[in-house]
Amino acid sequence: MTESFHRSGEYENPYEGQQQAPVNPEWPPPPAYAPAHAPHPKKRGRGPLALIAAVAIVAAAIGGGTAYGIQELTGNDTVASSSTSTNVVPSSQKGTVAGVAKAVSPSIVEISATSNAGSSTGSGVIITSGGEIVTNNHVVAGASQIKATTSDGKSYTAKVVGTDSKKDLALIKLENASGLKAATLGDSTGIQVGDQVVAIGSPEGLSGTVTSGIISALDRDVTVPTEGGQDQGQQQWGQGQGQGDQWPFEFGGRQFNGDTGSDTTTYKALQTDASLNPGNSGGALIDMNGNIIGINSAMYSPTSQASSSSDAGSIGLGFAIPVNTVKADLAKLRAGSTD
C-alpha cells in the first residue's frame, strides 16, 4: 500500500471513496492504549544443546593434544592419560619411529640401583612433570640407593614411593625435580596383534636406546619372582654389576634367565618382537602415536644362560605390562603400598 503526505502535513487517504474491506468480527480490537511497561523478553537458558556443544568443544581440544597443558594447569601430580588416538607425535612425523623417538625419549630415564647384592641398570617412564616415575619393582626392590638420569644428562636421586610385587610395578619420585616432560599413558585395550610399536630404554647401560617391532601376542601369562621370593632373583639381578638386570621369568612352562624361585606371581603381558635387552626393564613400549601402551618387564636374554658370545643379543621375545594395569595401580602405589 502506498501512502503520501501533503506538505501541510494533512494525511491523504488514497482509498477515500472506495469500498472498505469488511472487518472480521472475530478479530480482537486494537488496544485502547499502549501498556505502560512492555514486558521484558525472558532470557533463554543454556539448555542441553548448549551444554552438549560446550562438552564437544572441550573434548575436541583434549583430542587435539592438550592433555599435557591440562596436566600443567592442574598440578604436577596429574598424569596425562589418553586413548591411543591422541597424537603425541608431530603430524609431519606421524607414524614414524623417528617421530616417536623424538617425542617420547625426553620422558624416559635410566635408573641405576644399588643393593647389597650388587648394582643394576634399568629404565623408567616419567609420568608427571614433578618427577614421578613408573618402573618395574624388580629394578628397585631392595635398593639402598637409586639414581635416575634424564635424556638431557641430568642426574637425580630418587626415593621409592610404592611397590607392587604382584604386578612387578614400582613408583619412584625424583628429588628436587620440576619441569620434566611427562609421557602420555595410552589405552592398552585397543591394541591388536601386528600393531607397530617402539621400545625405549637403557639396555646394557646404553641410555635412550630405541628399537621397534610389532605386538606379537596378547594376554601372555608371564611368571616372575615376588619380592618375598627374590633371593634367586636378586642374586641373578646383581650379577650384571651395572651391565643390566638379568631378571628371571617363566613362560610356557619354561624358565628363562635363571631360577624364578618358589614365591612367584603371574600377570597378563603384551608380547613384542621389538629388541629388548637387560636394562630395558621398566622402560616404555609405545604405539606409533607416541602413547605409552606398556612397561617393558621381561625379555629372554641368551647371554644369561650361555657363555658363547655367538648366542648374545635379543631373540625378539619380550614382554610388557599393559598400561591399563599400570593406571589401575597408580593410586595404590602413590599411597605407599609395599606389597
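I'll start with Thr-325, which sits in helix α6, residues 323–334. Keep in mind throughout that this is a predicted model. Thr-325 is partly exposed, at a relative accessible area of 27%. Setting aside neighbours within four places in sequence, Thr-325 is in contact with Lys-167 and Leu-169. Tyr-267 is 58 residues away from Thr-325 in sequence, and the two C-alpha atoms are 9.6 Å apart.

Now the sheet that α6 sits against. Which strands make up the barrel, and in what order? Six strands close into it, in the order β3-β4-β5-β8-β7-β6, and the pairing is antiparallel. On average, neighbouring strands of this sheet are turned by 40° against each other, ignoring direction. Helix α6 packs on the sheet and touches β5 (132–135), β7 (155–164) and β8 (169–174). The direction of α6 makes about 60° with that of β8.

One pairing in the barrel is β3 with β6. Strand β3 covers residues 108–115 and β6 covers residues 145–149; they run antiparallel, and five bridges join them. For a specific example, take Glu-110, whose bridge partner in β6 is Thr-149.

Next, the charged pairs. As background, side chains of opposite charge can pair when their charged atoms come close. How many salt bridges does a search of the whole structure find? The number is five. I'll go through three of these.

The first I'll show goes back to α6. The side chains of Arg-334 and Glu-132 meet in a salt bridge, 2.5 Å from N to O. Arg-334 is in helix α6 and Glu-132 is in strand β5, so this pair ties together parts that are 202 residues apart in sequence. Are the two partners buried or exposed? Arg-334 is partly exposed, with a relative accessible area of 32%. Glu-132, on the other hand, counts as buried, at 6% relative accessibility. The cut-off for buried is under 20%, so Glu-132 falls below it.

The second pair is Asp-164 with Lys-167, whose side chains meet in a salt bridge at 3.6 Å, N to O. Asp-164 is buried, with a relative accessible area of 0%, while Lys-167 counts as partly exposed at 29%. You have met Lys-167 already, as a contact of Thr-325.

The third pair is Asp-221 and Lys-268, with the closest N and O atoms 2.9 Å apart. Asp-221 lies in strand β10, residues 209–225, and Lys-268 in strand β13, residues 264–272, so the pair ties together parts 47 residues apart in sequence. Both ends are partly exposed: Asp-221 has a relative accessible area of 39%, and Lys-268 has one of 45%.

Which residues are joined into a network by salt bridges that share partners? They are Asp-164, Lys-167, Lys-332 and Asp-339, in one network.

Between Asp-164 and Lys-167 on one side and strand β8 on the other, look at the backbone of Asp-168. Asp-168 is in the loop between β7 and β8. Its phi is positive, about 55°, although Asp-168 is not a glycine. Asp-168 is buried, with a relative accessible area of 2%. Glu-204 also has a positive phi of about 55° and is not a glycine either. Glu-204 lies in the loop between β9 and β10, and at 33% relative accessibility Glu-204 counts as partly exposed.

Now to another helix, α3, residues 97–104. Which of its residues are buried? They are Gly-99, Val-100, Ala-101, Ala-103 and Val-104. As a reminder, an α-helix has 3.6 residues a turn, so residues three or four places apart point the same way. The buried residues of α3 pack against β3, β9 (196–201), β10, β14 (284–286) and β15. Strand β3 is one of the barrel strands I described earlier.

Strand β15 brings me to the last residue, Gly-294. Gly-294 lies in β15, which covers residues 292–299. Gly-294 is buried, with a relative accessible area of 0%. Not counting residues up to four places away in sequence, Gly-294 touches Gly-283, Ala-284, Leu-285, Ala-320, Ile-321, Pro-322 and Val-323. Ser-188 is 106 residues from Gly-294 along the chain, and their C-alpha atoms are separated by 7.5 Å. Of the residues that Gly-294 touches, Val-323 is in α6, the helix I began with.

Key. Residues numbered from 1 in each chain as written. Predicted model: local features only at pLDDT ≥ 70, side-chain atom pairs only at ≥ 80, totals over all residues. Heavy atoms only, no water. Helix = DSSP H or I, 4+ residues; strand = E, 2+ residues; numbered from the N terminus. Buried < 20%, exposed > 50% of the residue type's maximum accessible area, 1.4 Å probe, protein only. Contact = heavy atoms within 4.5 Å. Pairing = 2+ DSSP bridges. Axes fitted to C-alpha atoms, helices over the stretch in contact; angles between N-to-C directions. Salt bridge = Lys/Arg side-chain N within 4 Å of Asp/Glu carboxyl O.
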